[in-house]
Amino acid sequence: MLLLIILLQQVYTMTFKDLELHNNIQEAITEVGYLTPTPIQQKSIPIILAGEDLVGIAQTGTGKTAAFAIPVLNLIHRIVGSAKKVKHIRTLVITPTRELAIQIGENFTNYSKYTSIHNVVIFGGVNQVPQVDKLKRGVDVLIATPGRFLDLYKQGHISLDHMHQLIIDEADLMLDMGFINDVRKIIKLTPTNRQTLLFSATMPLAIRELSDEFLTKAKYVAVDPVSSAKGSVSQEVYFVDKDDKKKLLHHIIVENKMSNVLVFTRTKYGADAAAKYLAKNGIKADAIHGDKSQNSRVRVLDGFKDKSIDVLIATDVASRGIDIAALPYVINFDLPNIPETFVHRIGRTGRAGLDGAAISFCSKDEKPYLQDIEKLIKNKLKVIGDHPFPYKAVDPNKEVKPDLRGKKGSAKQIAKTESEGKSAKRSAKPKTDDNSRKSDASKKNKKRWY
Ligand code: AMP
């Protein structure tokens, strides 16, 4: 008998129906096509429904947005009541980037389709007037980036007197981007009897301290630790010189008739240069990074989602939070100097049990990064030797790039590097330039890869 029960438990998989959600929410979930909760959802939803504080350690791609959106909607559904009732902010979600904020808003919209719960998304870098208008029309769930939230709060456009749940999303990214003090300020503006949910891909000390300080008897749940790249993703590496990478990228995409490809570059300049090269050579490609306007980022992301753009080239910071289910290919145009970034990047493919391919380009100066990555993932990437752009003979006069390993700069610093990389490199010109016979104009025009 006992054996039978154990067997049944193993065969049995939880479905959303087991969570006994309100019909209006269950119907919307069925409509978006979710049958089985993902592991983070299975672990988090019952805790959130019970009104407890929660720390969820999970990356984007694990279904973590629905892991908090669904139970929160279920909790506030009755309180919000009919569309005629006066609206108050019941739930506040704080998230670091506008892309994440928009995606969280889309999730809430999908799951609350058959309720009168209304969400509003606010973020910086755009005119505040339309956002203020939306706030005035009434909001139940407010999704905000920290800076814009504090701006509009100070101006008196936001009241948190009726708030029940505070969700801090991507807490470690918030820390990396220098938002942690803003997050602290925001927490202190919320009612003390709130329910607090904190989600983070990793748990640096500062985030653990934050949760110890502001969460009450929090339950911890974790899925998909960052050091374990998924097994269903084939991982390949091509050894290629830096100046041949664009050609190799084009070759691989054409040869394998790839579409829906996400390419990572280290710098904004690199992203633009690769996108331009591919577009010039007949591939529908575009880049997203921090220098692009909000409108153009949204346009490019939409294009990638609706498949009018085949290749999306992104820097790490800009790509964080890009939510595209079951991405078949991720290409690391540059290897990251922080091995965990590699795991984050390739975590975007092979989702939902589908197979994915993660392809990495490794130039000679990136070999130490490859070693670090292989050490972290405890796996050797499969070397693809048969390609048209193998390493060329070493030029003894070539500048050797410094080894940046261990320079575990924060995302903010990395973002800074993204924007300053070019000028920093320029100002770090070797002294011999002074003796160069090239004219100033020609030096100025010299294009650098980074
Ligand atoms: P997230 O981690 O929130 O970025 O979610 C990643 C992707 O998984 C999104 O495209 C969701 O729509 C999708 N997703 C979330 N929950 C489920 C589920 N239970 N079943 C299938 N897909 C899901």
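Student: Which residue in β13 stands opposite Ile331?
Tutor: Start with the strands: β12 (residues 329-332) and β13 (residues 356-362) pair in parallel over four bridges. Two strands pair if DSSP finds at least two bridges between them, and the elements are DSSP runs numbered from the N terminus, with at least two residues of E for a strand and at least four of H or I for a helix. Across from Ile331 in β13 you'll find Ile359.

Student: What kind of model is this?
Tutor: Residue numbers start from 1 along each chain, as its sequence is written. Local features need pLDDT of at least 70, side-chain atom pairs count only at pLDDT 80 or more, and totals for chains, interfaces and linings use all residues; the model itself is predicted.

Student: Are the residues of β12 buried or exposed?
Tutor: The test counts other C-beta atoms (placed from the backbone) within 10 Å of a residue's own: 20 or more is buried, 12 or fewer is exposed, and in between is partly exposed. On one side of β12 sit Tyr329 and Ile331, and on the other Val330 and Asn332, with both faces covered. By that test these four are all buried.

Student: Which residue of β12 stands opposite Phe264?
Tutor: Phe264 points out of β9 the same way as Leu262, while Val261, Val263 and Thr265 point the other way. β9 (residues 261-265) joins β12 through four bridges, running parallel. Val263 faces Ile331 in β12, and the residue opposite Phe264 is Asn332.

Student: What is the bridge partner of Thr265 in β11?
Tutor: β9 also pairs with β11 (residues 311-315), again in the parallel sense, over five bridges. Thr265 is one of the buried residues of β9. Its partner in β11 is Thr315.

Student: Which strands stand at the edges of the open sheet, each with a single partner?
Tutor: Strands of a sheet pair through backbone hydrogen bonds, either parallel or antiparallel. Here seven strands line up as β3-β4-β2-β5-β6-β1-β7, with parallel pairing. One side of each edge strand has no neighbour in the sheet, because each has a single partner; these strands are β3 (119-122) and β7.

Student: What angle does the direction of α5 make with that of β3?
Tutor: Axes are lines fitted to C-alpha atoms (for helices, over the stretch in contact), and angles between N-to-C directions run from 0 to 180 degrees. Neighbouring strands of the sheet are turned by 15° against each other on average, direction ignored. Helix α5 (residues 98-111) packs on the sheet and touches β2, β3 and β4 (141-144), and its angle with β3 is about 175°.

Student: How is α2 oriented against α4, roughly parallel or roughly antiparallel?
Tutor: The axes of α2 (residues 23-32) and α4 (residues 64-80) come within 10 Å and cross at roughly 150°. Angles under 35 degrees count as roughly parallel, over 145 as roughly antiparallel, 65 to 115 as roughly perpendicular and the rest as oblique. So α2 against α4 is roughly antiparallel.

Student: How many charged residues are in the contact of α2 with α4?
Tutor: Residues are in contact if their C-beta atoms, placed from the backbone, lie within 7 Å. Here that gives Asn24, Ile25 and Ile29 of α2, and Ile70, Leu73, Asn74 and His77 of α4. Ala, Val, Leu, Ile, Met, Phe, Trp, Tyr, Cys and Pro count as nonpolar, Asp, Glu, Lys and Arg as charged, and the others, Gly among them, as polar. The contact has four nonpolar and three polar residues, and the charged ones number zero: there are none.

Student: How is α3 oriented against α4, roughly parallel or roughly antiparallel?
Tutor: The axes of α3 (residues 39-49) and α4 come within 9 Å and cross at roughly 25°. That angle makes α3 against α4 roughly parallel.

Student: Is Glu170 buried or exposed?
Tutor: Glu170 isn't a glycine, yet its phi is positive at about 50°. You'll find Glu170 in the loop between β5 (165-168) and α8 (171-176). With 25 other C-beta atoms within 10 Å, Glu170 is buried.

Student: And is Lys217 buried or exposed?
Tutor: Lys217 also has a positive phi, near 45°, without being a glycine. Its place is the loop between α10 (205-214) and β7 (219-222). With 6 other C-beta atoms within 10 Å, Lys217 is exposed.

Conventions. Two residues are in contact if their C-beta atoms, placed from the backbone, lie within 7 Å.
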